[in-house]
Every structure is written in C-alpha cells, then in structure tokens.
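Reader: I am new to this structure. Can we go through some of its labels and what stands behind them?

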Amino acid sequence: MSTKHADEYDVVVVGSGAGGMAAALAASIRGLSVAVVEKAHYYGGTTAYSGGGIWIPCNPYQARAGVEDDLDRARRYLSATVGDRVPASRRERYLIEGPRMIQEFDERTRWVRWRYLQGYPDYFPEADGGLVQGRSLEPPIVDGRKLGSMRPQLQPPLLDLKGLAITASDVHDLAMIGRTWAGKITGAKLVGRLIASKVTGAEYLAIGQALVARLRLALADRNVPVLLSTELSELSVGHEGGVRRVTGIRCVRNGESVTLTAKRGVILAAGGFGHSQEMREQYLLKPTDSGWTQSSPGQVGDAIKAGMAIGAEVDLMDRVWGSPSAMLPIPDSPPLPILPLVERAAPGTLLVNGAGERFANESLPYDALYDAMYANNRPDAGTIPAWFVFDQRAKDRYLMFTTLPRQKFPKEWESSGFLKRAQSIAELATQIGVPATQLGRTISRFNGLAENGRDADFHRGESAYDHYYGDPRMPNPNLAPLDKPPYYAIALYPCDLSTKGGLMVDDDARVLDKDRRPIQGLYATGNCSASVMGTTYVGPGATLGPAMVFGYTAAKHIASVSGVGSSDRPTASSLG
C-alpha cells in the first residue's frame, strides 16, 4: 500500500451525518479550515435515513409559534427523564447551546432552516416539565437539483417512495387519511406535490434527506470539502510541551494510506456500531442481530474503537435508540426494519408475547416499548419477536406498514411469512404459535376494555403522546375492539435506529480518558459518543438534536482555545 500526505487543516471531522456537518459548518463560520471525511461512497450517514427532526427546547421557531417554554421547565424535564445518569452540567450545556446553534445557522447560512412541529409531544409529556405541544423542529422540503454535481453522492433513503416527499407533519395527518378531512387534504396535497415534481422536474427532498441536503449546501457555500470513500484507520497522536495530543487521523482512500493533519482538533462524528455483530454481542442485550438496525451501512464502531485504542473511556455501550420494528421483505435484498409508529397507536391493534398475552402499552414511545420487549422476554412467554395483531376494521381505517386503508397487502407478504392472515382468532394463534385459548382470552379482555374506553391493564391512551398518532374520532384515540375478521399478525423485533453508547465526553464534547481527563485535540458527537440523553429518549429528534448541538459545541471550543473569534449570538434574527 502506497502512502501520501494530504493537506493540513485546522479541524478534521470524521463522519458526514448531521453531527459532523454541523461541526464542520460551525468551525468554518469561525474562520477555521476544516475537512469532512466519510467512509462511505455517499455523504449523510444514518441522518439520511432518519425523520430529520431535532429536539431543541426554547428554540426560536417554537417561540414564534407562541408555544411557551423556558430553561427551568426544560431543566426539570431532563431531570425527570434523563436524571443523574448524565451530569447536570452537560444537560445544561445542551439546553444553552441548542437555541444558539439554531439562531446562528439561521443567520449565517442560506440553507439551514426549520419548521416547528407543533403538536408533536415530548415523549413523556406528563413528566415534570414536559410539553404536550412539543419542542421539535423539522427541515423544510428542498429541491435536490440545487445540489448539482453533489446530488448523486447523497445517501439514498431506506425506503424508495418513488419521488413522493413526505414530511413528519404530513405523516401525522396522512395517518388518518381514511378518517379525517385533514388526512384527505394531506393525501391530495402529496399527490399534487408529486405531480408538480413530474411536471417541473423538481426533485423534492424531505425529512432526513432534506436535512442532509441543506447542511451539504451550506458547507458548499463555504467551500468545505467532504472527502468520500475515506476510511478512518487510527488517530494520530503526538506530544506538545510534554502533553499528549491528537494531531490528526490516518485513513485509507482509494487504496492509499493518507494522513490528514488537524492543527487544532479532530471531531469524531462517525456513528455507532449497529452493523458490527461482534460489538453487538459484546455490549448489547441478547438476543441481538446486526440485521435489526436502521443505521447506515459501514457503521461498525470505527470511531469508537479508534478512541478506545488511545485510552478513551466509553459509556452507555449497552444502549440503543430502540425501535420495535417489522422486518419488511424487500425483493433481492435483506429485510428492512420498518418502525410502526402509526400502527401501534391505531385503535383495533394490540401486541402479544409468545404466550398470547399483552405485556405493555402498545402506544408507548418506541424506545420505551423496545425496553419493555427485553424486560418481559421469558422462555415461557417470549417477546422477541412479539406479535402485532389487528383486524380488518383497523386495516380498512388506518395506514398499515406502507399500505393505505383498504389497499390490499402485497401477495408476497403472505407467501414469505411476513404477514399472517386468518378467519378466526384460533386459526391465527396456530399460525403464530401461541396458545389459542389464551390469545382468545387476551383479545376478549382487550375488547371489553376498548368498549369501556379505558385500558385498566396498561393505560394505553392515557398519555398525550399516545394520542398523537391515534384516531381523534374515537372516544379513546388508541382503543377499539378487534372483532372483524380476517385477523392479521406481523412479528415485531427489537430493532434500533442506531446504537447510542460510545466515547465519554465532557460539556465541551472533549473525549475523556479512563481518569475522566480530556484527551487534548479530540472531540466526539453523535452516536460514536455516549448520549446526553442517557438511557432514555425524551422526544422526536433527541438523537439528531444532540449530535448537531455537541458538534457545534466542539467547534466553538476549538475556536475559543485557538484564539479564533466567535460569538455566542448572531448579529440579528432573520426568522421569517
């Protein structure tokens, strides 16, 4: 293998997801020379697969929408949910820097903009400090043609929607297309948007695709290079004045060993280890499978292992951003984990274990239900997989695993075994391998609770979060009997959006060693760092929000210790 030396930069960022690009953007705004390196042939990472939202309390878009929030309330919420698993000073830094980042990127870029997702609750809105109206933002739709020659390198989405651009707010309304006028209007709007794109040639990008595109355009405006097909091998370490310091990275590009020097700092933002079966077996709850992740290909813990190799401490390595998911069959490809957000909230659905019993509130936030699957998994009543059961009425009324109300399920779903269908509960029980008598009792009990409008067993429908994707036409938006055959069942597995453990960092996103001392010149953010959210998932966008904020924070710290001018606030607001 031949060797060559590349250019020097003030900052080298490893990873091109939201966290890495936010870090690079903040560094460039402060006058630092910066390069982003990306292992894959595409930029965007797992962010490109995501919903694209960020959870930022007290953000300016939220304020403009008239939704009251304040730091004390946000502090109480993080204390109630995350608790002491993460230092209060780090939680505080997140709350302070989040709105500053939003404001600065709005002021200093043409592209990084947001829309407030009003009405999308925090995941635990009844907790102290929680907000029913929510604290989340999503990126507006953007025309992919604006990327020009950068467009082919954008990481494709997980699911090909054939040109249909759907925002997170669209999904909420579309979920009720068979039940509400808002759903029907949204459906018509989406069709109109698709037709407009065909007529004009526009390539509308939404959710994670839009966020990645907007960040990439902002970097292009500042001439920040994004070096694709450049794989991190190890961190370069030197000594300055007797102090050990990370001085850059060694990587492989086009078969050549390349050294990139970082004069002021390296920021690791290269994602987790979802695709490493070896690391999953070492750290995660069992059973575990690398096929159960929605993280982008190549996320095998490179940045985490590089940090550990020079003595970095790790934390939360047993945790993931959990999401009970159905393994959707894809022709000529491995099954694709699909997160049933709408389906689990829909009336006329329930979840049972291998003994045919319910074991949790089906409409819980997905991370909490993931935890419940492992907590309740027993040899005599397995919950891995658990069975998602629904009847024909629910199928006729609601979106079900990419199919519209009354739309027939694809034939291959049954032939492949993904979907079970039966004319009776007893027949369905036989197909999914659970005791027929117990499944009958479970559904009879559930139907009685649904008719009374109150789930006395697991409190489904008592939280404002449960209601978000529920049916507003029902007395309890999440409850209805299952009594109209045929009956259906689909297996759900404890999948993940990504792993959430990694390198331990301080309030400035500096990586810490085994003695909890900062490793000079090394920073980390996103899923290669231990999450500021600890063992929980506090709201929509609580993955990408911290990734961006601590990437931003790392860049600010590098600039401050380098004596480079930076301000905590832009000069004036341009929110409109």
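Reader: Leaving aside neighbours within four places in sequence, which residues is threonine 46 in contact with?
Author: This is a predicted model. In it, threonine 46 is in contact with Gln294, Ser295, Ser296, Gln299 and Leu497. Contact here means heavy atoms within 4.5 Å.

Reader: Why is threonine 46 called buried or exposed?
Author: Its relative accessibility is 16%. Buried means under 20%. Therefore threonine 46 counts as buried. Threonine 46 lies in the loop between β2 and β3.

Reader: What makes the link between the side chains of threonine 46 and glutamine 299 a polar contact?
Author: The distance is 3.0 Å. The cut-off for a pair of N or O atoms is 3.5 Å. So the pair qualifies as a polar contact.

Reader: Why does valine 199 count as buried or exposed?
Author: Valine 199 has 68% relative accessibility. Exposed means over 50%. So valine 199 counts as exposed. Valine 199 sits in helix α6, residues 181-200. With Val191 and Ile195, Val199 makes a nonpolar surface patch of about 300 Å².

Reader: How do you know that β15 and β16 pair?
Author: They share 4 bridges, in the antiparallel sense. Pairing needs at least two bridges. So β15 and β16 pair. One bridge joins leucine 351 to phenylalanine 388 in β16.

Reader: Which way do the residues of strand β15 point?
Author: Thr349 and Leu351 point one way, Leu350 and Val352 the other. All are buried. In a regular strand, side chains alternate between the two faces of the sheet.

Key:
Residues numbered from 1 in each chain as written. Predicted model: local features only at pLDDT ≥ 70, side-chain atom pairs only at ≥ 80, totals over all residues. Heavy atoms only, no water. Patch = residues over 30% accessible without salt bridge, like charges linked within 9 Å, V, L, I, M, F, W, Y side chains within 5 Å. Areas by Shrake-Rupley, 256 points an atom, 1.4 Å probe, with all protein chains shown as cover. Salt bridge = Lys/Arg side-chain N within 4 Å of Asp/Glu carboxyl O. Helix = DSSP H or I, 4+ residues; strand = E, 2+ residues; numbered from the N terminus. Buried < 20%, exposed > 50% of the residue type's maximum accessible area, 1.4 Å probe, protein only. Polar contact = N/O pair within 3.5 Å; in protein donor to acceptor, adjacent residues only side chain to side chain.
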